[in-house]
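Trainee: New structure on my screen. Walk me through it, please.

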Amino acid sequence: MQMTGAEIFVECLKREGVEVIFGYPGGAVLPIYDAIFQQSHFKHILVRHEQAALHAANGYARVSGKCGVSLVTSGPGATNAITGLADSNADSIPNVCFTGQVPLPMIGTDAFQEADIIGITRSATKHNFLVKNVEDLALTIRQAFHIATTGRPGSVVVDIPKDLGFAKCDFVWPEKVNMRSYQPRTSGHAGQIKKAIKAMLEAKRPMLYSGGGIMNAQGSAALLKTLAHQLNAPVTNTLMGLGGIPFDDKHFVGMLGMHGTYEANMAVSHCDLLVSIGARFDDRVTGRLDAFAPDAKIIHIDVDPTSISKNVDADLPIVGDVGIVLQQLLDELSHQGGVPDLEALKLWWQQIDEWRAKDSLGFEQSEEGPIKPQTVIHKVHDITKGNAIVTTDVGQHQMWAAQHYGFKEPHKFLTSGGLGTMGYGLPAAVGAAMAAPNEPIVVFTGDASIQMCIQELATAYQYRQKIVVVLLNNAYMGMVRQWQEMFHESRFSHSYFDSLPDFAKLAEAYGGVGIKVDTLDELDKALEVAFGSQESFVFIDIAVAKEENVFPMVPAGAALNEMVLA
Ligand SMILES: Cc1ncc(C[n+]2csc(CCOP(=O)(O)OP(=O)(O)O)c2C)c(N)n1
């Protein structure tokens, strides 16, 4: 049956099981928008900026476990999407972005709204395609979803010239995708699995270190917990891995890295076996590389072979899907029937408990105020019973959310880990609300970050999404101020805002509820209103202690055991 390229686009998305796409129209994608108007298979969410479309698709993907999808126009539409593409790619989130392109005969003529999206996005995506023939469109879309969602997930661009939207051909749906050059490995090598279990049983001071890979492989969080319990081994998570094991599990020692807990960083510094599970030894995690886990044998499990031994040499590499490899490890453990070295582990846990006793995340809140940002996060945890989907922007508030919210499950903490993108939080919440409209959704943000994508309040209002925005307002770019204080002798160069909008009024202008908070009493009332509200969104602008710093902290370039406690 003959179809236009635009109709093929709709048919392919339907067959891929797409339920929602985030987008913004323009000349080059008008044929596709026309086809979207005439269909009812998937919803289109109209955002207010293309960057937000990509972040929303990312948030949707992380909560739903499906692929994020967005559609933007050529030229500025596509260049606006670059940050979101790079963000998803850095955090291994499956995200397919369709970009319009000028008509084929005009490519290379400096046509109106022409940009070389293939060239520009090459290093910001896992892969990209320029479709040159309408006959190739269905197969390309199929390949794009396949590449985005398998192996180490990432972002994929499909650039579609405008004339292909009108061109016609027979529709052929490729049932299978087979790309000879792209064959991600899923299960770990049996010999390596055996060796890994042997090493785990022999270890005197083992440590499991898990990252975002636990989120991507469905069901793997439960396997991680089982493995930790069977080995009686401590577990630490990266920022991306938070929720991979419940925060109150006794085997969990907190996040590691620059703002990780004292016990996690000391344990990594003193372990004799470090098992990395779907994590990539980011510099924010390792600190000074030559002092990282100096006594440890390193087992590195990752679906992406190019990540292994990239930053830290692995003694035992295992390439495979984290969920499948964890199951293989558990099977091998029960097959070998071995027990870990209980005597050694007892001493190891005693040592860890000593480090824990430092209470490195402790803080003091005086009754008169000012409100400490950590207090706000604890209160939000309590009122949401730790069950909210939490998104953040980037800065101090992000680290406090990671340290203090207490995540019980995977897929609840949405933050920009790899790229560190301010402006991520609100649009990611818009995407999350599409995936989980009945769950509480909270954005922790800062006065600088929120201004980067604040226009998405309009999107939240248009779709009547129940989102609570919690602004920890210190009038500073707090994290920048903290670094200036610590490493630039308090020369606060351009990190203070002399002018901020009245955020509560702004929120009202966008259609939601805006509340200003200065005291602890007001905070309690505001949270009650916000979480009891049926209104679209509630925006709470909270004046917090202006010069509070995030501790503990490993200064950049220092070793993990050189952390500053307060
Ligand atoms: C798009 C972007 N620009 C700049 C930065 C650098 N940066 C990191 S944190 C930060 C300050 C964030 O301030 P705010 O949002 O107010 O949060 P706070 O640290 O005060 O909690 C800046 C500018 C960034 N991460 N992303």
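Mentor: Vocabulary first: helices (H or I, at least four residues) and strands (E, at least two) are DSSP runs, numbered from the N terminus. The model is predicted, so local features need pLDDT of at least 70 and side-chain atom pairs count only at pLDDT 80 or more, while totals for chains, interfaces and linings use all residues. Residues are numbered from 1 along each chain as its sequence is written, and side-chain values use heavy atoms, with hydrogens and water left out.

Trainee: Fine. Where is P552?

Mentor: P552 lies in the segment after β20. The peptide bond leading into P552 from F551 is cis, with omega near -5°.

Trainee: What about the bond from G369 to P370, cis or trans?

Mentor: The bond from G369 to P370 is cis, with omega near 0°. P370 sits in the loop between α15 (342–356) and α16 (373–383).

Trainee: Back to the segment after β20. Is V550 buried or exposed?

Mentor: V550 is buried, with a relative accessible area of 0%. Buried means under 20% relative accessible area, exposed over 50%, and partly exposed in between (1.4 Å probe, protein chains only). V550 is in the segment after β20 (537–543). The C-alpha atoms of V550 and L256 are 14 Å apart, though 294 residues separate the two along the chain.

Trainee: Change of topic: the ligand. Which residues come nearest?

Mentor: There are 17 residues around the ligand, and Q396, H397, G420, S449 and G478 come nearest. Near here means that a heavy atom of the residue lies within 4 Å.

Trainee: What polar partner does the ligand nitrogen have?

Mentor: A nitrogen atom of the ligand is 3.4 Å from a polar backbone atom of M422. A polar contact is a pair of N or O atoms within 3.5 Å; within protein, one must be able to donate a hydrogen and the other to accept it, and residues adjacent in sequence count only if both atoms are side-chain atoms.

Trainee: And which partners for ligand oxygen?

Mentor: An oxygen atom of the ligand lies 2.7 Å from a polar backbone atom of S449. An oxygen atom of the ligand is also 3.0 Å from an N or O atom in the side chain of N474.

Trainee: How much of the ligand does the protein cover?

Mentor: The protein covers 75% of the 590 Å² of accessible area that the ligand has on its own. Those areas come from the Shrake-Rupley method with a 1.4 Å probe; for residues, only the protein chains shown count as cover.

Trainee: Which elements give two or more residues to the shell?

Mentor: Those are α17 (396–404) and α20 (478–487). The largest share, three residues, comes from α20.

Trainee: S449 turned up twice. Where does S449 lie?

Mentor: S449 is in the loop between β17 (441–446) and α19 (457–462). S449 is buried, with a relative accessible area of 2%. A polar atom of the S449 side chain lies 3.1 Å from the backbone oxygen of V394.

Trainee: Now sheets. What is the strand order in the open one with six strands?

Mentor: The order is β3-β2-β4-β5-β7-β6, with parallel pairing. Two strands pair if DSSP finds at least two bridges between them. At the edges are β3 (43–46) and β6 (127–130), each pairing on one side only.

Trainee: How many bridges between β5 and β7?

Mentor: Seven bridges link β5 (residues 95–101) and β7 (residues 155–161) in the parallel sense. As a register mark, V96 stands opposite V156 in β7.

Trainee: And why call β13 largely enclosed?

Mentor: Five of the six residues of β13 (residues 297–302) are buried, so the rest of the structure largely encloses that strand. Five bridges join β13 to β12 (residues 273–277), and the two run parallel; S276 stands opposite H300 in β13. Four bridges join β13 to β14 (residues 316–319), again parallel, and I299 stands opposite L316 in β14.

Trainee: Last one. What is the phi of Q113?

Mentor: Phi of Q113 is near 60°, a positive value in a residue other than glycine. Q113 lies in the loop between β5 and α6 (117–121) and is partly exposed, with a relative accessible area of 27%. S490 also has a positive phi, about 60°, without being a glycine. S490 is in the loop between α20 and α21 (503–509) and is partly exposed at 35% relative accessible area.
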